[in-house]
Amino acid sequence: MNSVLVIGGGGREHAICVALAKSPKVDKLYCLPGNAGIAEIAECAPVSATDFDGILAFLKAHNDIKMTVVAPDDPLALGLVDLLESNGYRAFGPRKNAAIIEASKAFSKALMKKYGIPTAAYEEFDDVDKAKEYAKKQSYQLVVKADGLALGKGVIICQNVDEAMTALDEMMVGNKFKDAGKKVIIEEFMVGKEVSILSFTDGKTIVPMVSSQDHKRAHDNDEGLNTGGMGTFSPSKAYTEAHAKETMEKIILPTMKAMNAEGRTFKGVLYFGLMITDKGVKVVEYNARFGDPETQVVLPRLKTDLYEIFDAIIDERLGDVKIEWDDNAAVCVIIASGGYPESYKKGVPIEIGALDDGIVLYHAGTAVKDGRLVTSGGRVIGVTAKGKDIDDARAKAYANVDKIKFEGAFYRRDIGIKK
């Protein structure tokens, strides 16, 4: 038996499981902890992604597992890949010393500065008074970022000094993001189009995936609070061949080489959050794993066997794999719980009607309780459709969104519209 274990339980992990399930080389899938959607194609168990003892115990009890895919940011930053490897298990994902590229914004900004990788001008602070003093002298808009991991919500765009003071107090004094906000980055606000470029890398070869664009704000027209992502589409409408060439030469290859030079070889999925500005393409942020919900539109377009790609990356032979993509488009609309990204109810029953052919539902925050499908998170389900272009895929996705019903459900109606 050649079984694969996926660590995580969100929409990204569901998309990874769906792609791995297509591989003739994968006999069985397991997922910890998984969700109700993942449970339809994988055996799940209630072990959290950061319960390292529980994960090791699960692996010892299931000797058919030949590869463990560590998908979320927290276990990567905490060193799960290192732990698995030291116990003799094959693991996909960056080691702790490479996952720091996402786990510490101070590290990633210093790396870009040292190696001349284009990004926004910035300063870092661990003293709130010095941070405030600096912020008072800046022009606005201004961006305040928590240094550590904050579920995609540790970035505040401040319109004026008062908002910057509030953001700094909340992060550094009020512990809004716990330890993640003890150190902050204050950086210039970049104007342009945001694009997500995920890439496969084994530290020797780096292969960008098809482009995508995320929608971070909770409501239409990019209004409301920042979320983990309310929908996405692929390919980006803003990212041209010229941008791709520039990004490869000035950002993607230099980042891989910089990490190697620092003794932090990155093996896994390296995500580049980019801004296309009038002064060229610049890095907004790095992630050390597949993005969520970008994965839900990127992987459905992948023609190559995902298991083969993961296997090659672990063995540092990615250069031998030809990675191919469908020449089409995909759109994913996230249906969220009322009140998200702040407080929301869990355990709300979900009804799913008859979906059109080709529609894929990626479960993010779902569970089964007393035999019924219920909500268990803020982002509940992603509705993904493919089409000949963005407009076609968008029309197909939205034709099915209202077939998923639960009390308080809401979604953005403008996913895929922006240029």
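**Exercise 1. Which side chains meet in a salt bridge at 3.1 Å, N to O?**

Before we start: this is a predicted model, where local features need pLDDT of at least 70, side-chain atom pairs count only at pLDDT 80 or more, and totals for chains, interfaces and linings use all residues. Residues are numbered from 1 along each chain as its sequence is written, and side-chain values use heavy atoms, with hydrogens and water left out.

*Step 1.* Get the rule straight: a salt bridge is a side-chain nitrogen of Lys or Arg within 4 Å of a carboxyl oxygen of Asp or Glu.

*Step 2.* The pair we're after is E249 and K245.

*Step 3.* Now find them in helix α9 (residues 241-261), where they sit 4 residues apart, so about one helical turn separates them. Helices (H or I, at least four residues) and strands (E, at least two) are DSSP runs, numbered from the N terminus.

*Step 4.* Here's the background: an α-helix has 3.6 residues a turn, so residues three or four places apart point the same way.

*Step 5.* Check the surroundings: K245 is exposed, at a relative accessible area of 54%. Buried means under 20% relative accessible area, exposed over 50%, and partly exposed in between (1.4 Å probe, protein chains only).

**Exercise 2. Work out which parts of the chain the salt bridge between E187 and K109 ties together**.

*Step 1.* Start with the distance: the side chains of E187 and K109 meet at 2.7 Å, N to O.

*Step 2.* Place both residues: E187 belongs to strand β9 (residues 184-188) and K109 to helix α6, so the bridge joins parts 78 residues apart in sequence.

*Step 3.* Look at the cover: E187 is buried with a relative accessible area of 3%, and K109 is buried too, at 2%.

*Step 4.* Look along α6 (residues 105-115): its buried residues are K105, A106, F107, S108, K109, L111 and M112. Just after α6, G116 takes a positive phi of about 70 degrees.

**Exercise 3. Is A77 buried or exposed, and what is in contact with A77?**

*Step 1.* Find A77 in helix α3 (residues 73-77).

*Step 2.* Read off the accessibility: with a relative accessible area of 18%, A77 is buried.

*Step 3.* List the partners, leaving aside neighbours within four places in sequence: K96, A99, A103 and L149 are in contact with A77. Contact means heavy atoms within 4.5 Å.

*Step 4.* Finish with a long-range check: the C-alpha atoms of A77 and M209 are separated by 23 Å, and the two residues are 132 residues apart along the chain.
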